[in-house]
Amino acid sequence: MPEVAFPWHAEVWSQLTGQPQHAHAYLFSGLPGVGKRRFANAFAAFLLCEQPAQAMACGRCRSCLLREAGTHPDLLLVAPEEEGKAIRVDAIRHLVDFMGQTSQQGGSKVIVLHPAEAMNQNAANALLKSLEEPTANTYLLLVTDHPGRLLATVRSRCRAQKLPTPGQEAALAWLGEAAPELSAEQRLTLLHMAGGAPLRAAALHEVDAVQLRAGVVEAVKALLKDKQSASQVAESWAKIPLELLIDWFCSWTLDLLKLQTGAVAHAANADMDVVLGYMARHVAAQPLMEWQDWLLAHRSMTLGKANLNRALFLESMLLEWKQLLKKR
Ligand SMILES: [Zn+2]
């Protein structure tokens, strides 16, 4: 089976594949979980295919078969050695060598690099040189959740292609096929949690995020009512992915700021309606902004950090959160 992009990317797909000439480097961006990597892989397949039909890789030629077997000599996938780690300069040196080689199958050469924001400074600088001197018939496909974190000079040398988030109906339909055990209500909850990105919603389902979230909301209420201490709550969250916890607090904070300006909270936070409504009335604007700064700074400091004292961090986060109600 040829690899195809998701239906909600069909329009971008036909624009892109319909171009008489392709750019040497593309930067695919969009929300986490909208299917960017699948898009890039499908586009790589299209570029490598010897006889694409109807703007798709055929799935039958030698090139397609080699790619499906994972042994195409003219396709290079670049990613961090471990998830969450950096893409190092060695990997980019390998990429540069690959670009300099002649195509072994006599067609195009394609590199898919994901996530592009994981390149460290040296890696990005090394890549820059090959972006400045592109090789004929060689295509570099960068994929990123955070284009703003890339070097501006790298960004400006790629053709930017934003991949859209599907409409709710399409996203729910896909999620229904991916996880048929979910009820319509659960699908909607997960999709809200995922900011509308269906693959992210499916990943949240994998970790049982709906159930985890219900427990977290209860614990936050218990904390604010002095029924549980910050350290007790932190301990009870030992198995919950840190990224999820921080994301939820970020989202609640954003809603508090919104509520204070008279806007409505995000639908995903309906389970926190009462708490957020109360806090919005009782927390002053200045401490709230300071708390948001604290949270964002700690978000980037903690995520992916190997030797983090997680319980201690969560406890201090919860104390800061609770303090909000006392700073007036
Ligand atoms: Zn083919």
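This report walks through a predicted model of one protein chain, from its overall build to a few individual residues.

## The whole chain

Let's start with the big picture. The chain holds 15 helices and 5 strands. Its C-alpha trace spans about 70 × 45 × 35 Å along the principal axes. Of the 328 residues in the chain, 44% are buried.

How much of the contact in this chain is made by residues 24 or more positions apart? Taking the contacts with a separation of 6 or more, such residues account for 73%.

## Three domains

The chain is divided into domain 1 (7–162), domain 2 (166–206) and domain 3 (211–323). We can look at how domain 1 and domain 2 meet. Their centres, taken over C-alpha atoms, are separated by 27 Å. In the contact between them, 6 residues of domain 1 take part with 8 residues of domain 2.

The size of an interface is often given as the accessible area lost when the parts come together. Domain 1 and domain 2 bury about 570 Å² between them, and 79% of this is on carbon and sulfur atoms. The number of salt bridges between domain 1 and domain 2 is 0.

## Helix 15 and what covers it

Helix 15 runs over residues 310–323 and has 14 residues. At 1.5 Å a residue, helix 15 should span 20 Å, and its end C-alpha atoms are indeed 20 Å apart, so the two values agree. Which residues of helix 15 are buried? They are Phe313, Leu314, Met317, Leu318, Trp321 and Lys322. These residues cover an arc of only 165° around the axis, which means that they sit on the same side of helix 15.

Several other helices help to cover the buried residues of helix 15, including helix 10 (209–224), helix 11 (230–236), helix 12 (242–260), helix 13 (273–282) and helix 14 (285–302).

## Two residues to find: Thr253 and Ala285

Thr253 is in helix 12. Is Thr253 buried or exposed? Thr253 has a relative accessible area of 0%, so it is buried. Leaving aside residues up to four places away in sequence, Thr253 touches Leu288, Trp291, Gln292, Leu295 and Trp321. Trp321 has come up before, as one of the buried residues of helix 15.

Ala285 is in helix 14. With a relative accessible area of 44%, Ala285 is partly exposed. Try finding Lys327 as well: Ala285 and Lys327 are 42 residues apart along the chain, and their C-alpha atoms are separated by 10.0 Å.

## Salt bridges

Side chains of opposite charge can pair when their charged atoms come close. How many salt bridges does a search of the whole structure find? The search finds 12. One of them joins Asp90 and Arg93, with the closest N and O atoms 3.5 Å apart. Asp90 and Arg93 are 3 residues apart in helix 4 (residues 89–100), so about one helical turn separates them. Both Asp90 and Arg93 are exposed.

Glu218 and Lys221 also form a salt bridge, with 3.8 Å between the closest N and O atoms. They are 3 residues apart in helix 10, so about one helical turn separates this pair too. Glu218 is partly exposed at a relative accessible area of 48%, and Lys221 is partly exposed at 26%.

Asp247 forms a salt bridge with Arg200, where the closest N and O atoms are 3.7 Å apart. This pair links distant parts of the chain, with Asp247 in helix 12 and Arg200 in helix 9 (residues 198–206), 47 residues apart. Arg200 counts as partly exposed at 24% relative accessibility. Arg200, Asp247 and Arg299 are linked in a network of salt bridges.

## Unusual backbone spots

Most residues other than glycine have a negative phi, and most peptide bonds are trans. Where can you find a cis peptide bond? One joins His114 and Pro115, with omega at about -10°. Pro115 is in the loop between strand 3 (109–113) and helix 5 (121–132).

Ala55 has a positive phi, near 60°. Ala55 is in the loop between helix 2 (36–48) and helix 3 (62–68), and it is partly exposed at 32% relative accessibility. Asp226 has a positive phi of about 60° although it is not a glycine. Asp226 is in the loop between helix 10 and helix 11, where it is exposed, with a relative accessible area of 59%.

Terms used: Residues are numbered from 1 along each chain as its sequence is written. This is a predicted model: local features need pLDDT of at least 70, side-chain atom pairs count only at pLDDT 80 or more; totals for chains, interfaces and linings use all residues. Side-chain values use heavy atoms; hydrogens and water are left out. Helices (H or I, at least four residues) and strands (E, at least two) are DSSP runs, numbered from the N terminus. The expected span of a helix is 1.5 Å times one less than its number of residues. Buried means under 20% relative accessible area, exposed over 50%, partly exposed in between (1.4 Å probe, protein chains only). The arc is that of the directions from the helix axis to the C-beta atoms. Contact means heavy atoms within 4.5 Å. Domain bounds come from an automatic or database domain assignment. Buried area is the accessible area (1.4 Å probe) that two parts lose on being put together, summed over both. A salt bridge is a side-chain nitrogen of Lys or Arg within 4 Å of a carboxyl oxygen of Asp or Glu.
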